[in-house]
Amino acid sequence: TNDLVTEELRLVSDFDAPVNLVLGGYASHEKRNSRSTNLFQVTGPDPVTGTYETFDRSVDNFNTTLSLFGQLKWQIVDTLELAAGVR
């Protein structure tokens, strides 16, 4: 089973001024199951199970990500803008 939930929240200003900003946050949570099986047919079937599987592994992975970000924009003149940001 694979489950992924993400969310992003942004606050974007649109002031009638040369300086505006973007502030926000991002969050994600993931749950994933992966299964690996290797088959070696040259060894013949397992006498107990009758299958050719010699390796079977199931792994559960969990991942949570959180981040904050921001950007400042300065309209120096009509044709030139300076922007700086952090995450």
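**Exercise 1. Is Gln-75 buried, partly exposed or exposed?**

Solution. The model is predicted, and the value needed is the relative accessibility of the residue. For Gln-75 this value is 29%. Buried would require under 20% and exposed over 50%. Gln-75 therefore counts as partly exposed.

**Exercise 2. Place Gln-75 in the fold and list what surrounds the residue.**

Solution.
- Step 1: find the element. Gln-75 belongs to strand 3, which spans residues 53-77.
- Step 2: look for contacts beyond four places in sequence. Gln-75 touches Pro-18, Leu-80 and Glu-81.
- Step 3: compare sequence and space for one of these partners. Pro-18 and Gln-75 are 57 residues apart in sequence, yet their C-alpha atoms are 4.8 Å apart.
- Step 4: check the side chain. The side chain of Gln-75 reaches the backbone oxygen of Val-77 at 2.8 Å.

**Exercise 3. Describe the overall make-up of the protein.**

Solution.
- Step 1: count the elements. The protein has 4 strands and 0 helices, giving the pattern β-β-β-β along the sequence.
- Step 2: consider burial. The protein has 87 residues, and 10% of them count as buried.
- Step 3: consider the surface. The accessible surface comes to about 7300 Å², with 56% belonging to carbon and sulfur atoms.
- Step 4: consider contacts across the sequence. Among contacts with a separation of 6 or more, 47% are between residues 24 or more positions apart.

**Exercise 4. Find the salt bridges and state how accessible their residues are.**

Solution.
- Step 1: search the whole structure. The result is 2 salt bridges.
- Step 2: take the pair Arg-10 and Glu-8. Their closest N and O atoms are 2.5 Å apart. Arg-10 is exposed, at 55% relative accessibility, whereas Glu-8 is partly exposed, at 36%.
- Step 3: take the pair Arg-32 and Glu-30. Here the closest N and O atoms are 3.9 Å apart, and the cut-off is 4 Å, so the pair qualifies. Arg-32 is partly exposed at 39%, and Glu-30 is partly exposed at 24%.

**Exercise 5. Trace the nonpolar patch on the surface to its strands.**

Solution.
- Step 1: list the members. The patch consists of Val-19, Leu-72, Trp-74, Ile-76, Val-77, Leu-80 and Leu-82. Together these residues have about 610 Å² of accessible area.
- Step 2: assign elements. Strand 3 (53-77) and strand 4 (80-86) each give two or more residues to the patch. Strand 3 supplies the largest share, 4 residues.
- Step 3: place Val-19. This residue lies in strand 2, which covers residues 19-39.
- Step 4: check the accessibility of Val-19. Patch members need over 30% relative accessible area. Val-19 is partly exposed at 37%, so the residue passes this cut-off.

**Exercise 6. Is Ser-13 buried or exposed, and which residues does Ser-13 contact?**

Solution.
- Step 1: locate the residue. Ser-13 is in the loop between strand 1 (2-12) and strand 2.
- Step 2: apply the cut-off. The relative accessibility of Ser-13 is 14%, which is under 20%, so Ser-13 counts as buried.
- Step 3: set aside neighbours within four places in sequence. The contacts of Ser-13 are then Asn-20 and Leu-21.
- Step 4: describe each contact. The side chains of Ser-13 and Asn-20 are joined by a polar contact of 2.9 Å. For Leu-21, the backbone nitrogen is reached by the side chain of Ser-13 at 2.7 Å.

Note on methods. Residues numbered from 1 in each chain as written. Predicted model: local features only at pLDDT ≥ 70, side-chain atom pairs only at ≥ 80, totals over all residues. Heavy atoms only, no water. Salt bridge = Lys/Arg side-chain N within 4 Å of Asp/Glu carboxyl O. Buried < 20%, exposed > 50% of the residue type's maximum accessible area, 1.4 Å probe, protein only. Patch = residues over 30% accessible without salt bridge, like charges linked within 9 Å, V, L, I, M, F, W, Y side chains within 5 Å. Areas by Shrake-Rupley, 256 points an atom, 1.4 Å probe, with all protein chains shown as cover. Contact = heavy atoms within 4.5 Å. Polar contact = N/O pair within 3.5 Å; in protein donor to acceptor, adjacent residues only side chain to side chain.
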